[in-house]
Amino acid sequence: MSNRFTGQKNFEHGRQAITGILMVNLGTPDEPNPAAVRRYLAEFLSDRRVVEIPSLIWKIILHGIVLRVRPKKSAQAYQRVWTKQGSPLMAGSAALTQKVDEQIQSLFGDRVKTVLAMRYGNPSIKQGLEQLRDSGAERIVVLPLYPQYSGATTGTVSDEVFKQLMNWRWTPEAHMLGAYHDNPQYIKAIATSVHNSWEKNGKGDKLLISFHGMPKATLMNGDPYFCQSHKTARLIAEELKLADHEWEMAFQSRFGAAEWLKPYAAERWQALPGEGVKHLSVVCPGFSIDCLETVDEIAHEGREDFIAAGGEKFDYIPCLNDSPEHVRLMTDRLRKLVSVWETEGQTDTASIKQQLETSRKLAIDCGASS
């Protein structure tokens with residue numbers, strides 16, 4: 001009879017426990033070529049949280065059509081945005097994680113460790129969790145980098161985290177942080193990025209607040225993403241003191257033939273020049289880090305469509321990425337929980353070391369090897 005717990009790193013008696021932080025983003029291909037994109041899309045689009053079409057029908061469509069056609073086209077798009085550090089999503093997520101880790105360690109020292117994982121692709125959630133476990137993490141905070149909740153984003157991160165923990169002999173105390181769509185710091189940070197763009201490029205005739213699209217069926221089935229996106233957009237407009245005619249929201253990245261959340265961003269930026277909007281500013285607060293959908297679909301394709309429709313100036317406002325405001329927001333969200341864990345049952349350092357040594361000796365007396 002097989003044992004799924006074999007092969008794990010043994011618990012080390014007497015080692016001081018740490019708190020692990022797992023920051024999770026969507027994912028990215030390892031390289032900007034069709035083969036790597038195909039592997040990534042196969043994992044991403046096989047997730048039942050992402051595509052809710054009946055499994056047998058979707059497998060035929062996915063393997064018979066989508067994975068034969070889309071990888072080449074997507075690879076060309078990735079090639080346009082690829083950097084020396086990889087995709088924009090990977091580069092930005094890694095930079096944010098490093099800065100958050102530095103800030104958290106400045107508060108709690110090496111008792112806290114922060115690592116990055118991707119829901120699809122590398123580094124995987126499995127790899128990230130194992131890295132924390134091998135570092136001595138007995139408590140883990142999972143921080144999905146999705147401001148608004150959706151089953152296809154935060155929900156599937158939760159699925160994968162606890163799926164992996166099911167295979168651990170000793171499961172840690174784990175906490176999933178949720179949506180922060182109406183967090184005042186987050187709203188102010190987005191507003192600051194908009195103001196910075198206006199100071200540099202001039203204030204547009206209209207601000208388009210664009211979120212990643214989801215099938216309409218997700219809303220009808222109870223997913224809060226649509227409502228949380230609307231609340232985020234409203235709060236940003238209020239923070240910027242915009243009149244109703246100075247802003248609107250839309251949803252981008254529609255895929256397939258089904259009806260998705262409306263209005264569609266691609267239709268709006270083609271229609272706006274005919275409505276008198278010649279200078280358009282676009283911000284995407286549903287993304288924490290710039291990625292293919294923002295850098296290429298919005299900043300490249302969206303600009304081309306807007307200009308072709310008669311627009312004159314199109315300003316894409318970058319995501320928060322590793323900005324000081326974003327680092328502060330993520331650090332503050334983590335600090336509140338880590339502070340509670342760090343103070344529970346803690347005494348002075350000498351007492352802690354003595355407790356660890358006593359525990360180690362007792363374990364050896366009971367037959368442990370170390």
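Strand S1, residues 18-28, pairs with S2 in the parallel sense, and nine bridges join the two. Within this pairing, Val24 has Ala117 of S2 as its bridge partner. The model described here is predicted.

S1 and S2 belong to an open sheet of four strands. The strand order is S2-S1-S3-S4, and the pairing is parallel. Strand S2 (112-121) and strand S4 (173-176) form the edges. Each of these edge strands pairs on one side only. From one strand to the next, the twist averages 25°.

Helices pack on this sheet. Helix H1, residues 34-45, touches S1 and S2. The direction of H1 makes about 95° with that of S2. Helix H11, residues 324-343, lies across S1, S2, strand S3 (137-144) and S4. H11 runs at about 155° to S3.

H1 also packs against another helix. Two packed helices are described by the angle between their axes and the distance between the axes. For H1 and helix H2 (residues 55-81), the angle is about 135° and the axes are 8 Å apart. H1 is therefore oblique to H2. The crossing of these two helices is right-handed. On the H1 side, the contact is made by Pro34, Val37, Arg38, Tyr40, Leu41, Ala42 and Leu45. They meet residues of H2 that include Trp58, Leu62, Val66, Leu67 and Arg70. Pro71, Lys72, Ser74, Ala75 and Tyr78 of H2 also take part. By class, the contact of H1 with H2 has 13 nonpolar, one polar and three charged residues.

Aromatic pairs were sought across the whole structure, and eight were found. One of them joins Tyr40 and Phe44. This pair is stacked, with 6.0 Å centre to centre and 20° between the planes. Both residues lie in helix H1. They are four residues apart, about one turn of the helix. Tyr40 is also among the H1 residues that meet H2.

H2 makes a further helix contact, with helix H10 (residues 292-308). The two pack at an angle of about 85°, with their axes 10 Å apart. H2 is therefore roughly perpendicular to H10. Ala77, Tyr78, Arg80 and Val81 are the H2 residues in this contact. Their counterparts in H10 are Leu292, Val295, Asp296, His300 and Glu301. By class, the contact of H2 with H10 has five nonpolar, one polar and three charged residues. Tyr78 of H2 meets H10, and Tyr78 also meets H1.

A further open sheet of four strands has the order S6-S5-S7-S8. Its pairing is parallel. Strand S6 (247-252) and strand S8 (313-317) stand at the edges. Each has a single partner strand, so one side of each is left without a neighbour in the sheet. The twist in this sheet averages 25° from one strand to the next. Strand S5 (residues 206-212) runs parallel to S6, and six bridges join them. His212 has Gln252 of S6 as its bridge partner.

This sheet also carries packed helices. Helix H6, residues 184-201, touches S5, strand S7 (279-283) and S8. The direction of H6 makes about 145° with that of S8. H10 packs on the sheet as well, touching S5, S6, S7 and S8. The direction of H10 makes about 165° with that of S8. H10 thus contacts this sheet and also packs with H2.

Notes:
Residues are numbered from 1 along each chain as its sequence is written. This is a predicted model: local features need pLDDT of at least 70, side-chain atom pairs count only at pLDDT 80 or more; totals for chains, interfaces and linings use all residues. Side-chain values use heavy atoms; hydrogens and water are left out. Two strands pair if DSSP finds at least two bridges between them. Axes are lines fitted to C-alpha atoms, for helices over the stretch in contact, and angles run from 0 to 180 degrees between N-to-C directions. Contact means heavy atoms within 4.5 Å. Angles under 35 degrees count as roughly parallel, over 145 as roughly antiparallel, 65 to 115 as roughly perpendicular and the rest as oblique. A crossing is left-handed if the near helix is turned anticlockwise from the far one by less than a right angle, and right-handed if clockwise. Ala, Val, Leu, Ile, Met, Phe, Trp, Tyr, Cys and Pro count as nonpolar, Asp, Glu, Lys and Arg as charged, and the others, Gly among them, as polar. Rings of Phe, Tyr and Trp (its six-membered ring) pair if their centres lie within 6.5 Å; planes under 30 degrees apart count as stacked, over 60 as edge-to-face and the rest as tilted.
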